Amino acid sequence: MGRRLRDGNVASHTPQNPRTNSCSRWELGVCAAVMACVSEFYAGKCVLITGATGFMGKVLVEKLLRSCPEVKALYLLIRTKQGQSSQQRIHTTLQSKLFDRLREENPDFHKKIIPVSSELTQPGLALSDEDVQTLTQNVHIIFHCAATIRFDEPLKHALQLNVIATQQLLSLAQQMQQLHAFIHISTAYANCNRHHIDEVIYPPPVEPGKLIHSLEWMDDAIIRDITPRLIGDWPNTYTYTKALAECVVQQESGKLNVGIIRPSIVGASWQEPFPGWIDNFNGPSGVFIAAGKGILRTMRASNDAVADLIPVDVVINLTLAAGWYTAVHRPKSVLVYNCTTGGINPFHWGEIEHHVMSTFKRNPLEQAFRRPNANITSNYLINQYWILVSHKFPALLYDLFLRLSGQKPQMMRIFNRLHKAIGLLEYFSSQDWEWNSDNMNMLMNQLSTEDRKMFNFDVRQLNWPEYIENYCIGTKKYVLNEDMADIPAARQHLRKLRNIRYTFNTVLLVFIWRVFIARSQMARNICDPLLPDLTTDTQKLEYPYQQNTAIYCPCLGPAPAHQAPCTTVYGRMTVYDRVWPYDRVRQCMAVYDSVWPCTTVYGRMAVYDSVRPCTTVYGRMTVYDSVRPCMAVRPCTTPYDRVRQCMAVYDSVRPCTTVYGRVRQCTAVYDSVRPCTTVYGRVRQRMAV
Ligand SMILES: CCCCCCCCCCCCCCCCCCCC(=O)SCCNC(=O)CCNC(=O)[C@H](O)C(C)(C)COP(=O)(O)OP(=O)(O)OC[C@H]1O[C@@H](n2cnc3c(N)ncnc32)[C@H](O)[C@@H]1OP(=O)(O)O
Ligand SMILES: NC(=O)C1=CN([C@@H]2O[C@H](COP(=O)(O)OP(=O)(O)OC[C@H]3O[C@@H](n4cnc5c(N)ncnc54)[C@H](OP(=O)(O)O)[C@@H]3O)[C@@H](O)[C@H]2O)C=CC1
């Protein structure tokens, strides 16, 4: 790494006329088709970059050093953070895997990097006088990438960094003696309150100077209260302040050669330095990861809306080319480049959903919470329903499990954060915009064949399915630092989750059946014919019954022998015999008469007798008696009912008497001749009176 500016170690640089240092068609008449004008332009140049520790800044530094090896120096404005100096921070940044290729090609690349301590929200960018002097003397090109990209940033802070810092940097740029170009990175969504966006700077929603002035004296609480009114139809403070920043760039550009790059949604790299590089959760990356982990199951997005993703290396190639073009061709006014894909090679959110899911099924993330299975919907209510069923309910269950196993519940908290994040993104995934990208095309046409390859931003060549696959794998490798060698274990984990799901679904189905469906007479009438007949052939002969009607127990033929056991049991049902009529009855009940064996009980109960219908039903209880044995002719009467822990009490002579509550205690008292048949609870007691 080069010595810090402050140490005054930057060699003086002979100013060059940008026009003579390039292969401008205007200057040279013709640009040799194979000449790499762009990298040649950067040879011997000093470049100032803000935001070099960020996602795009890093890629810019890497590409500049790799493809323009003759560049003289990179001054990187970096703030101290968490006790780390700018020097230490850039050292850490350069350890990133992103720089592996460069490290291999040029192990000394770091010598050209000169970190400069600068807090952009401070007056004068918190630059020392010495640093100001060095920068103003040496810098040829400025790339201003730093910004807060948080959607929920308080307005004052977003204004300070995105607008005021830009203003200050422009005023520093005005003092620079040999500045050829100032490139400001904006966003394609700076004007997202419009549907069609041209490559022009639109009038600001408010005069930036006035807003800055007004907010100076207001305290944070007041600003928070008036923020929604101020930002109007912008969805967040980020896009709003980026719109103001563009306006400031135009106002303060003076005689500078200025270009504005407006990337749409910046995603993982397409080709350089290798496919799929990404290092953060911003934009769609966090959504992909959450879906791959099986946490995110639903999101509001329109299947048919264009997903205007743009690979980070495309943005950086265009930015470097724009730096060259701005310096060499010095456009009369600020040139804006909408750096988008939708108008050229459109791809839709529905397609993205499909490719993300299929990639994560083939290359699962480790320790997934559930199997990846996410869907997008544009319908608010459907989305809310799935949030409840697929997010909140499982989170609740999982937290319950954690609580019971003595751990701290965390899933609900994770989901709340996820909902907050996706709630902020949905604005962008539920509608689409049209960007004019003429300047991007124009710039491409200005490049030599060599440059078009080296600084490729021709998104017509982008194969979306392949890109999305590399993107997802990139999140696995570079954001989550997972090893591809562990994929078999991750697949095994998914299989385990699938089995758990099947088991859970089966239990749930049985539960729903028991609680809701089996209680419904109508459902029984529909389902009975479909149910298997579990009686044996012998039983059928002896105790035929009609299963496909509501009549269950016609007693046909002569009574079987006295000892004949009670018969059928379907489902959870009871067997007993006529003398000792009892048995474990969990949820159901059979009631029968004294002579005949009880007949069928399906589901929860059939009660009948031959002469009189069974009598009382109390709560969940059946009580009846029969004076006479069941007869052949009469069907059983009451097929009923939810019997949780139920009870049949009867006797042969007198009706049963008491039934108590939901049959926690059921007391049947009766009969002097026959044994009583009390059943208590799950038939813990049987007794004869
Ligand atoms: C259904 C699946 C199929 C997929 C198909 C459909 C996909 C639709 C995707 C739609 C995406 C649309 C994206 C549009 C964006 C366009 C905007 C214009 C482009 C730009 O100009 S700027 C770049 C965009 N900016 C952002 O994306 C920033 C958004 N982030 C924020 O504003 C904040 O981070 C947020 C979300 C408010 C959270 O704040 P907070 O709770 O304070 O958390 P932190 O930021 O401190 O982060 C804590 C921790 O969480 C990680 N993190 C951050 N975001 C996510 C996320 N989305 N998912 C998961 N994890 C996330 C973060 O890295 C931190 O981790 P640490 O380890 O550092 O603690
Ligand atoms: N990512 C995207 O999808 C898109 C991004 N853009 C634009 O691209 C640019 C770069 O975005 P991206 O790289 O993704 O953003 P990052 O958040 O990854 O990087 C932001 C950079 O700004 C620096 N920074 C923030 N605050 C300060 C400060 N007070 N003083 C000095 N430096 C500061 C950060 O430094 P530190 O490490 O110290 O925090 C970091 O280097 C932004 O202008 C953004 O608006 C546009 C469209 C889409």
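In this predicted model, the side chain of Gln178 reaches the backbone oxygen of Gln137 at 2.6 Å, and the side chain of Gln178 also makes a polar contact with the side chain of His140, at 3.1 Å. The two contacts are set side by side below.

| Side chain | Partner | Distance |
|---|---|---|
| Gln178 | Gln137, backbone oxygen | 2.6 Å |
| Gln178 | His140, side chain | 3.1 Å |

Gln178 itself lies in the loop between helix 7 (155-175) and strand 5. Its relative accessibility is 7%, and because buried means under 20%, Gln178 counts as buried.

Strand 5, which follows this loop, belongs to an open sheet of 7 strands, whose order is 3-2-1-4-5-7-11 and whose pairing is parallel. At the edges of the sheet stand strand 3 (113-117) and strand 11 (335-339), each of which pairs on one side only, and from one strand to the next the twist averages 20°. In general, the strands of a sheet pair through backbone hydrogen bonds, and they may do so either parallel or antiparallel.

One of the pairs can be followed in more detail: strand 5 (residues 181-185) and strand 7 (residues 258-263) run parallel and are joined by 4 bridges. Within this pair, Ile185 stands opposite Ile261, a residue of strand 7.

A helix also packs on the sheet, namely helix 6 (residues 129-138), which touches strand 1 (46-50), strand 2 (73-78) and strand 3. The direction of helix 6 makes about 140° with that of strand 2. Gln137, whose backbone oxygen is reached by the side chain of Gln178, falls within the residues 129-138 of this helix.

Note on methods: Residues are numbered from 1 along each chain as its sequence is written. Chains are lettered from A and ligands numbered from 1 in the order in which they are written. This is a predicted model: local features need pLDDT of at least 70, side-chain atom pairs count only at pLDDT 80 or more; totals for chains, interfaces and linings use all residues. Side-chain values use heavy atoms; hydrogens and water are left out. Two strands pair if DSSP finds at least two bridges between them. Helices (H or I, at least four residues) and strands (E, at least two) are DSSP runs, numbered from the N terminus. Axes are lines fitted to C-alpha atoms, for helices over the stretch in contact, and angles run from 0 to 180 degrees between N-to-C directions. Contact means heavy atoms within 4.5 Å. Buried means under 20% relative accessible area, exposed over 50%, partly exposed in between (1.4 Å probe, protein chains only). A polar contact is a pair of N or O atoms within 3.5 Å; within protein, one must be able to donate a hydrogen and the other to accept it, and residues adjacent in sequence count only if both atoms are side-chain atoms.
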